[in-house]
Amino acid sequence: MTRIAYVNGDFIPLENARISILDRGFLFADGIYEVSAVLDGKLVDNDSHLTRLERSLGEIRLTLPLDLASIEALQLELIRRNALVNGIVYLQVTRGAGERNFLFPDATLPSLVMFTQMKDIAGAPGGTRGIAIKTVEDIRWQRRDIKNIGLLAQVLAKQVAAEAGCAEAWMTEGGRITEGASSSAFIITQDNVIVTRPDSNTVLPGCTAKAVVQLAEEANLVIEHRAFTLAEALEAKEAFMTSASTFVQPVIKIDNQNVGSGEPGPLTQRLRAIYINFARQVREPL
């Protein structure tokens, strides 16, 4: 089956999808992206992702080319045209095409592109077996709360992790974990307290992380919003990461050292099950 992409008003075969070489996303990484999970043919927690999209665009003074309801309708149509059951919908908005100039162009139309990818997120082996993490120094800019398409630091971090046989990189700053290269980082202390960083300019506010925290609170689990050190992570009872493309995934090794028993812990497994149940619930579109 031919994959279908959406490019500035048209649904076209992926192999024919094109944007201008003068697009500011290509030249300057002047744009924002989002990734929404699809489970059983339905978008997961999509309103949270579109709200974050709108906020990030506002932070770089870029207006959405369509309202959120119209964007969600396009996402759903793209899922339908690709017969996507499990996977993701990738969405990107840039400032559009114009002569190369660092200043914002006076009159360009924002560019909106989308495509889908198949992925069995709920059934991924790492969800039950756990994954290994490699730590790297955080070399990114100071507005990490903006979901910007400039991801070179994350690309380099993930490559280092992959070469070390790890599934993800956790970035560190001053001995503290900031976040994963494409995920939010959590630890569970020996007292069963779930610890993750609070929202700020130093981390991306994770949509999956936000939902997991809310679900944990509803289950009467204790949450502590603070930075934690690499040493704390290595001494933790359990650790896990969250993202739209992994849901809740147990972390069983950090820098070749076991976390806890070196096996997925019971609290992390419980949170994964709770989140997948949440993800399977049918929601009305915007």
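Buried means under 20% relative accessible area, exposed means over 50%, and partly exposed lies in between (1.4 Å probe, protein chains only). The model is predicted: local features need pLDDT of at least 70, side-chain atom pairs count only at pLDDT 80 or more, and totals for chains, interfaces and linings use all residues. Residues are numbered from 1 along each chain as its sequence is written, and side-chain values use heavy atoms, with hydrogens and water left out.

**Exercise 1. Describe the burial of strand β3 and the directions in which its residues point.**

Step 1. Helices (H or I, at least four residues) and strands (E, at least two) are DSSP runs, numbered from the N terminus. Strand β3 covers residues 31-39.

Step 2. Nine of the nine residues of β3 are buried, and the strand is mostly covered.

Step 3. In a regular strand, side chains alternate between the two faces of the sheet. In β3, G31, Y33, V35, A37 and L39 point one way, while I32, E34, S36 and V38 point the other way; all are buried.

**Exercise 2. Determine the strand order of the open sheet that holds β3, and state which strands stand at its edges.**

Step 1. Two strands pair if DSSP finds at least two bridges between them. Six strands form the open sheet, in the order β2-β1-β6-β5-β3-β4, with antiparallel pairing.

Step 2. The edges are held by β2 (10-13) and β4 (42-43); each has a single partner strand, so one side of each lacks a neighbour in the sheet.

Step 3. The individual pairings may now be listed. Strand β1 (residues 4-7) is joined to β6 (residues 111-118) by two bridges, and V7 stands opposite V113 of β6. Eight bridges link β3 to β5, where S36 faces V89. Two bridges link β3 to β4, and V38 has L43 as its bridge partner in β4.

Step 4. A hairpin is formed by β3 and β4, with two residues between them; in its turn, D40 has a positive phi of about 55°.

**Exercise 3. Place helix α2 relative to the sheet, and characterise its residue N46.**

Step 1. Helix α2 (residues 46-59) lies across β3, β4 and β5 (87-94), and runs at about 180° to β3. Axes are lines fitted to C-alpha atoms, for helices over the stretch in contact, and angles run from 0 to 180 degrees between N-to-C directions.

Step 2. N46 belongs to α2 and is buried, at 4% relative accessibility.

Step 3. Contact means heavy atoms within 4.5 Å. Neighbours within four places in sequence aside, N46 is in contact with S36, E72 and Q75.

**Exercise 4. Check the length of helix α5 and identify the face that is buried.**

Step 1. The expected span of a helix is 1.5 Å times one less than its number of residues. For the twelve residues of α5 (residues 152-163) this gives 16 Å, and the end C-alpha atoms are 17 Å apart, which agrees.

Step 2. A153, Q154, A157 and A161 are the buried residues of α5. Seen down the axis, they fall within an arc of 95°, so they line one face of the helix; the arc is that of the directions from the helix axis to the C-beta atoms.

Step 3. These buried residues pack against β7 (131-137) and β8 (168-173), whereas the face turned away carries the exposed residues L152 and E163.

Step 4. Five of the seven residues of β7 are buried, so this strand is largely enclosed by the rest of the structure. Strands β7 and β8 pair in the parallel sense over five bridges, with E168 of β8 as the bridge partner of I133.

**Exercise 5. Describe the largest nonpolar core and the place of L271 in the contacts around it.**

Step 1. A nonpolar core is a set of buried Ala, Val, Leu, Ile, Met, Phe, Trp, Tyr and Cys residues joined through side-chain atoms within 4.5 Å. The largest has 29 residues, and those with the most contacts inside it are I194, F240, F247, L271 and Y275.

Step 2. The elements giving two or more residues to this core are β3, β5, β10 (184-188), α6 (207-218), β15 (247-254) and α8 (266-280).

Step 3. Neighbours within four places in sequence aside, L271 is in contact with I194, V212, A216, L221, F240 and V248.

Step 4. Apart from this core lies another, of 23 residues, among them Y6, L50, I79 and L112.
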